[in-house]
Amino acid sequence: NAPMPPQANDTAAWIAVLAGVSAALHVGKLAPALPALRAALDIDLLQAGFLLSMVQLAGMSLGLLIGLSADGWGLRRSMLTGLVLQIVASTVGAFARDTWSLLGLRALEGLGFLLVVMPAPAIIRQVVSNTRLSRMLGVWGAYMPGGTAVALLVGPWWIGLGGTWGGWQGWWLLLSAISLMTAVLVWRGIAPDGLRSPSNGANANAPTPASWLARLRLTLGSKGPWLVALCFAVYAGQWQAVIGFLPSIYAQSGVDAAWIGVMSALVAAVNMIGNIMSGRMLQRGWRPIHLLRIGYLAMAFGAFLCFAQWGGAWQVPAALRYLAVLGFSAVGGLIPGTLFMLSVRLAPSDTTVSTTVGFMQQLSALGQFAGPPLVAMVAQAAGGWQWTWLVTGSCSAIGLGITIWVQRQLDASPRLTEVI
């Protein structure tokens, strides 16, 4: 088959990013709906934590296998299937009337989310030139904060409309419609796997493992996938916990309802700054290990300033606390952008990129599944949010420790050092 023209390759990459944002909307849609859901279904704080994290159940248990399947089953087919699952789950969820139904449907949405995001880095790797790969993967890393920010900004306004199309049920239906439109774009804008010609030579001469078992052994037998997966887990767990509870925290603090969505959305949105800057900084010669360490340190310090209290009631002034949580998210965004690039580079072969991303997503989902309930338990036991920084700070400390092993892996991979 003839190579695709550059414009088509760029279009396919951007559509993959858009699909990730669409999938992330379903992950982020619950946070702005929590006050309405808690009132309608009598949900307590701990149940709310599990609702926030249940969408990660599929990733926590099936991420590696789904990534493995995407490599062998077809990247575009996987993405389309995931979008359809989210359409169905969100539509049915709009008519749920109890917490258990919502929990089950959130798990199904999580499965769809995985099927969408697993193949995206591999598609981008195929259709984007090597000179622009780091930058485009940095853009891809912003899919999660992008979707979350849109959900936090639009969600409160849409839910507040009331009537047939408003409320949390109308919010669920709106996102189903967005996923449907995205599925049409993917179907029309991304060529089937056999018709996509890499623009950068990817996979051109790469040996293909004979079976899914060979790809699994190759991935799990390599240090690189383990390191990026563990780094992502301790980042994603704390980010999801803080962002997920922000609307509830601000509501309890007496912030005007009109500002809750805007303030929460801005915190999520600035995470894109770090993601996009990570790609640019890597292209300009910054070492990946430095970006990871800066990100973890900023998250630890930001969460401490935002939540810590002294003497029972004294705490950092409100304006400075908000700046701290903005820094927590913005500078912390250097981590996922860097890790997505490392996941492509540290994959054992070009045919195991989705498998490596799947493993990274699996451990990320484990962190996101554990993070919100753990933060909720600490907050509930303490009678407030003042000790939750210990949870997030511990995650950052673990991440900083893992970067030592990441550096050793980079030092042992001369080819990797050259391309970065």
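About 140 Å³ of space lies in the largest cavity of this predicted model, and the tour opens there.

**First stop: the largest cavity.** Select Met-144, Phe-232, Tyr-235, Ala-236 and Gln-368, which lie nearest the centre of this cavity. The complete lining has 15 residues. Sorted by class, 9 of the lining residues are nonpolar and 6 are polar, and none is charged. To see which elements enclose the space, display helix H9 (143-159), H12, helix H17 (334-346) and helix H18 (353-382), each of which supplies at least two lining residues. The largest share, 5 residues, comes from H12. Under the rule applied here, the count of cavities of 30 Å³ or more comes to 3.

**Second stop: helix H12 and the largest nonpolar core.** Keep H12 selected and extend the selection over residues 223-252, the full run of this helix. In addition to its part in the cavity lining, H12 gives 17 residues to the largest nonpolar core, which is the largest share of that core. The core as a whole has 107 residues. Next, select Met-79, Ile-124, Leu-339, Leu-342 and Val-406, the residues with the most contacts inside the core.

**Third stop: the surroundings of Met-79.** Which residues does Met-79 contact, once its neighbours within four places in sequence are left aside? Centre the view on Met-79 and display Ala-16 and Ala-19, then Leu-115, Val-116, Pro-119, Ala-120 and Ile-123, and finally Val-186 and Ile-190; Met-79 is in contact with each of these residues.

**Fourth stop: a separate core.** Now select Ile-43, Ala-107, Ala-151 and Trp-171. These residues are among the members of a second nonpolar core, which has 23 residues and is separate from the one just visited.

**Fifth stop: two cysteines.** Select Cys-231 and Cys-395. Are these residues buried or exposed? Cys-231 is buried, because its relative accessible area is 0%. Cys-395 has a relative accessibility of 18% and also counts as buried, because the cut-off for that class is under 20%. The count of disulfides in the model comes to 0.

**Last stop: the whole chain.** Clear the selection and colour the protein by secondary structure, which comes to 20 helices and 2 strands. The protein has 420 residues, and 59% of them count as buried. Among contacts with a separation of 6 or more, 84% are accounted for by residues 24 or more positions apart. The contact of Met-79 with Val-186, visited at the third stop, may be displayed again in this full view.

Methods: Residues are numbered from 1 along each chain as its sequence is written. This is a predicted model: local features need pLDDT of at least 70, side-chain atom pairs count only at pLDDT 80 or more; totals for chains, interfaces and linings use all residues. Side-chain values use heavy atoms; hydrogens and water are left out. A nonpolar core is a set of buried Ala, Val, Leu, Ile, Met, Phe, Trp, Tyr and Cys residues joined through side-chain atoms within 4.5 Å. Buried means under 20% relative accessible area, exposed over 50%, partly exposed in between (1.4 Å probe, protein chains only). Helices (H or I, at least four residues) and strands (E, at least two) are DSSP runs, numbered from the N terminus. Contact means heavy atoms within 4.5 Å. On a 1 Å grid over the protein atoms alone, a cavity is a set of points where a 1.4 Å probe fits but cannot get out, and a pocket is an open set with protein on both sides within 12 Å along at least five of seven lines; lining residues have an atom within 4 Å of a point. Grid points are joined across faces, edges and corners, and a volume is the space filled by probe spheres set on the points. Ala, Val, Leu, Ile, Met, Phe, Trp, Tyr, Cys and Pro count as nonpolar, Asp, Glu, Lys and Arg as charged, and the others, Gly among them, as polar. A disulfide is a pair of cysteine sulfur atoms within 2.5 Å.
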